[in-house]
Each structure stands twice: as structure tokens, then as C-alpha cells.
Amino acid sequence: MTDYIAREKLMTTLTDHRNTPEIKVLTGVRRCGKSTLLHLYAQSLRQQGVPERNIYHRRFDSFDTPIGYTATNLYDDLRQAFDAAEPGPFTVLLDEIQDVPDWEQVVRRLHTRDDTDVYITGSNARLLSGELATYLTGRYVSIPVYPLSYDEYATHMEHKHSNISEEQLFAEYMMYGGMPGLYATGTGKPDRSRAGEVLDAVYESVVVKDVARRYGIRDLAMLEKLSRYLFATSGNLFSTNNVVNTLNSAGLKVTYTTVDNQIDALEKAFIVYGCEQSRIRGRQLLRPQRKYYPVDNGFRNLANGFNGADRGAQLEGIVYMELRRRGWSVSIGALPGGEIDFVARNGSDRQYIQVTLNMTEEHTRERELAPLRRLDDAFPRIVLTLDRFSEGVTQEGIRIINVMDWLRE
């Protein structure tokens with residue numbers, strides 16, 4: 001029996017967009033919960049009194065969808081649903097819409113229909129890449145859906161296991177990540193074997209279906225080595241030169257352009273995210289480097305055989321994705337002779353964040369605080385750590401916060 005995981009913030013986002021004129025497009029990596037979210041949203045509409053005949057909810061990769069189903073079939077089915085509806089607003093929920101050829105022609109027409117609230121999802125790079133701007137120019141709003149946040153995961157697990165500690169919860173989340181399929185059945189506590197099966201299936205699906213097929217990449221071995229390299233080394237500054245040299249020395253003949261193009265394709269499939277350096281003071285960097293983070297920390301550990309190595313980089317990746325989840329744009333802060341892990345911006349708001357496992361050693365404490373002390377603006381400065389002994393506020397106003405508490409704010 002499937003155990004749906006509550007995703008209250010995302011449900012609130014959908015509710016806030018209810019009956020707005022834009023087409024709501026739920027984007028995200030495969031199996032991060034988009035279909036479940038639409039299902040739960042349809043349920044909530046019924047509970048609020050929306051007539052069943054005023055909800056058209058269809059998943060196009062299901063067994064019930066005929067082989068060869070086309071945009072014409074969809075248009076005819078919608079016309080019949082509209083004719084049978086009761087007076088009032090009509091909600092259309094189209095899940096995995098990319099499986100319907102020429103779907104955009106129907107969706108564009110839906111946008112012109114009065115009192116019609118439209119939501120679509122898809123897991124194909126054709127839908128998820130920036131081509132939506134071509135299909136639905138000025139007609140849509142993108143709602144990103146990510147794997148479970150730590151708060152969503154922890155709340156779900158606490159309901160199942162009343163005696164589990166916060167430290168145990170976080171250790172398992174850091175190891176296996178937050179892909180919903182890991183926790184939606186049984187005890188909700190995956191082991192390495194189960195986690196490997198689920199994560200590897202998602203990975204293979206994204207790499208083969210959303211990247212290789214869409215972009216005509218024939219060298220799957222090269223694409224797989226590159227993607228797993230990005231996962232395994234996430235949190236390190238990335239140099240295309242070094243990667244090309246490493247792959248060539250391993251017998252794979254690859255060019256700089258190939259590497260850059262394949263990384264771009266992986267980003268468009270939402271399985272990796274790039275975080276670019278930006279100079280906090282003075283001129284912009286002429287050749288900024290990047291760090292790459294997998295959409296979910298479980299993929300990093302999958303690539304490393306779940307050996308738990310480099311926990312500092314794992315923690316950094318969890319914080320990065322949480323900032324993205326909260327709507328911040330994130331860069332790496334470059335200072336002369338130093339670096340700030342993350343500079344997060346949202347409109348005119350900004351915050352500076354350092355991430356470290358612990359600060360009990362004095363040299364570690366100084367290393368983390370020094371770049372923040374050199375800043376002279378009034379934006380918040382934060383250190384996130386697993387070390388509860390160092391929590392508090394420094395004389396300079398730098399807040400030191402336990403990362404588990406921050407993730408549950």
C-alpha cells in the first residue's frame with residue numbers, strides 16, 4: 001500500500017496559484033513526486049467541494065492510456081469533459097504530458113478558455129529543458145518540485161517511528177537522500193540495497209531517456225562516467241580541463257565541447273545543478289569556476305558506493321539544494337584569498353553562508369569565520385554546522401546554527 005508523504009509547502013504553492021490565468025508547469029527530476037503532488041491536489045479540490053465532473057485528471061504514462069494516443073484524442077476527450085461539466089471553474093491536470101505528441105497545441109488552446117485552471121507535469125527533457133519558452137511563451141509559470149526536504153522526510157519518519165532520534169534521522173537522510181520512492185512503502189527505512197535499486201533506476205531513466213535520447217548522445221559510457229564523476233566530486237571546484245584530461249587518460253577520447261554539452265544536458269534534466277563563482281567585491285571573475293551538486297544527496301553516495309566519505313561535501317550539497325528549494329539563487333562567494341561557501345540572493349535580500357561539520361577545533365572555527373568577518377555590509381552572515389557546542393552569535397554578529405535546526409525552520 002502506498003503511503004503518501006505530506007508536502008504541505010508545495011500544496012500551499014499550488015493552492016496559491018489556483019484559478020490564476022497562467023498554465024502551471026511542475027518541473028523536476030524524474031520520480032521526485034510531481035505525479036503524487038497532482039494526485040493529492042485533485043483530492044484536495046474534491047474535499048473542498050469541487051464537483052468530480054469539473055476535474056479532468058489524467059496520467060499519460062498509465063496503462064489506461066491507449067497506445068498511439070494523440071493531441072487530437074486529448075482535445076476530443078477534453079471537449080466531452082467540458083460538455084459534461086457543471087457550471088463553474090474547470091480544473092485540468094495533465095500528468096506526464098510529454099507522452100502525447102503535439103500536446104502543446106492543446107495546452108495553448110486551453111489557456112484561451114475561460115474559467116479553466118491548467119496544471120501540467122512532465123519528465124522528458126523536451127518539456128523540462130527551456131523549450132517551454134517556445135511552446136508556451138508568456139502563458140505559464142514554472143513551479144519547481146524537488147525531492148523531499150529534510151523537514152518533509154523527518155516529519156514523515158517521526159510519524160512512523162516515534163522513538164527515532166534526530167541524529168539518526170539526519171544520518172540516514174545524509175546517506176540515502178530524499179527521493180520519495182525510498183520512504184513511501186513499508187517501514188520507510190531503506191537499506192543500502194533498496195536505496196541502490198531505487199536511485200540507480202532513477203539515474204538510468206534520466207540519463208538514457210531524458211538526456212541521451214533527447215540530445216542524440218551515442219556514447220553512453222562517456223555520459224555515465226561524466227555524470228557519476230559530477231556526483232562523486234560534488235562540492236569541489238570543477239575544471240573542464242582536468243575532467244577532459246582524466247577521461248582521455250582513461251582511454252575515452254573526449255573534447256571540451258562534448259563535456260560542456262553533456263553537463264548542460266544533465267542540468268536541463270534537473271539531475272545536477274551548477275553553482276558559479278561570483279566575486280563579492282571588485283570586478284567580476286573573468287573565468288569563474290563552478291561546483292556541481294546532484295539534485296539529491298543519495299546520488300552522490302550512489303556514485304561512491306554508499307561509503308559515507310567526505311561528509312563535509314555531502315552536508316554542503318544538502319544545504320545548497322535546500323537554499324534552491326526555498327527560492328534563493330545561489331553562487332560561490334569569491335574573495336581575494338578566500339571563499340564563502342554560498343551567497344544566496346532573493347530579490348534585494350542576501351545572506352552569506354558557511355557550511356562545516358564542526359567548529360570544535362579553534363583553527364576550523366577561525367577558517368570558517370574569517371571570510372565572513374571581512375564583509376562590511378549588513379546582510380546576515382551564518383555558519384551552519386552539525387556541532388551543537390558552538391551554537392550562538394559571535395561578537396561580529398555572525399550566527400552559528402545547527403544545520404538540522406536550520407533545515408527544519
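**Exercise 1. The open sheet**

Determine the order of the strands in the open sheet of 8 strands, and state which strands stand at its edges.

*Solution.* Step 1. In this predicted model, the open sheet has the strand order E7-E6-E8-E9-E10-E11-E13-E12, and its pairing is mixed. Step 2. The edges are held by strand E7 (290–294) and strand E12 (392–393); each has a single partner strand, so one side of each is left without a neighbour in the sheet. Step 3. For E12, that partnership can be examined in detail: 2 bridges join E12 to strand E13 (residues 399–402), and the two strands run antiparallel. Step 4. At the level of residues, Val393 has Arg399 in E13 as its bridge partner.

**Exercise 2. Helices across the sheet**

Identify which strands helix H14 lies across, and describe how far the helix reaches and how many of its residues are buried.

*Solution.* Step 1. Helix H14 comprises residues 311–325, which is 15 residues. From its first C-alpha to its last, H14 reaches 21 Å, close to the 21 Å expected at 1.5 Å a residue. Step 2. H14 lies across strand E6 (272–279), E7, strand E8 (329–335), strand E9 (338–346), strand E10 (349–356) and strand E11 (381–385). Its direction is at about 160° to E10. Step 3. A residue is counted as buried when its relative accessible area is under 20%. By this criterion, 11 of the 15 residues of H14 are buried, and the helix is mostly covered. Among them are Leu315, Ile318, Val319 and Leu323, as well as Glu316 and Glu322. Step 4. Just after the helix, Gly327 takes a positive phi of about 95°. Step 5. Helix H15 (residues 362–373) offers a second case: it lies across E8, E9, E10, E11 and E13, running at about 165° to E10.

**Exercise 3. The surroundings of Gln262**

Establish whether Gln262 is buried or exposed, and name the residues it is in contact with beyond its neighbours within four places in sequence.

*Solution.* Step 1. Gln262 is located in helix H12 (residues 256–268). Step 2. Its relative accessible area is 5%, so Gln262 is buried. Step 3. With neighbours within four places in sequence left aside, Gln262 is in contact with Ile217, Met222, Leu223 and Leu226.

**Exercise 4. Salt bridges between parts of the chain**

For the salt bridges of Asp210, Asp310 and Arg350, find each partner and decide how accessible the residues are.

*Solution.* Step 1. The count of salt bridges comes to 28. Step 2. Asp210 and Arg30 meet through their side chains at 3.0 Å, N to O. This pair links distant parts of the chain, 180 residues apart: Asp210 is in helix H9 (residues 192–215), and Arg30 is in the loop between strand E1 (23–27) and helix H2 (34–47). Asp210 is buried at 0% relative accessible area, and Arg30 is buried at 15%. Step 3. Asp310 and Arg300 form a salt bridge at 3.6 Å, N to O. Asp310 lies in the loop between helix H13 (297–303) and H14, whereas Arg300 lies in H13, so the pair ties together parts 10 residues apart in sequence. Asp310 is partly exposed at 44% relative accessibility, while Arg300 is buried at 1%. Step 4. Arg350 is joined to Asp377, with the closest N and O atoms 3.9 Å apart. Because Arg350 lies in strand E10 and Asp377 in the loop between H15 and E11, the pair ties together parts 27 residues apart in sequence. Arg350 is partly exposed, at 26%, and Asp377 is partly exposed, at 28%. Step 5. Salt bridges may also form a network, as in the one that links Asp151, Glu158, Glu166 and Arg408.

How values were computed
Residues are numbered from 1 along each chain as its sequence is written. This is a predicted model: local features need pLDDT of at least 70, side-chain atom pairs count only at pLDDT 80 or more; totals for chains, interfaces and linings use all residues. Side-chain values use heavy atoms; hydrogens and water are left out. Helices (H or I, at least four residues) and strands (E, at least two) are DSSP runs, numbered from the N terminus. The expected span of a helix is 1.5 Å times one less than its number of residues. Buried means under 20% relative accessible area, exposed over 50%, partly exposed in between (1.4 Å probe, protein chains only). Contact means heavy atoms within 4.5 Å. Two strands pair if DSSP finds at least two bridges between them. Axes are lines fitted to C-alpha atoms, for helices over the stretch in contact, and angles run from 0 to 180 degrees between N-to-C directions. A salt bridge is a side-chain nitrogen of Lys or Arg within 4 Å of a carboxyl oxygen of Asp or Glu.
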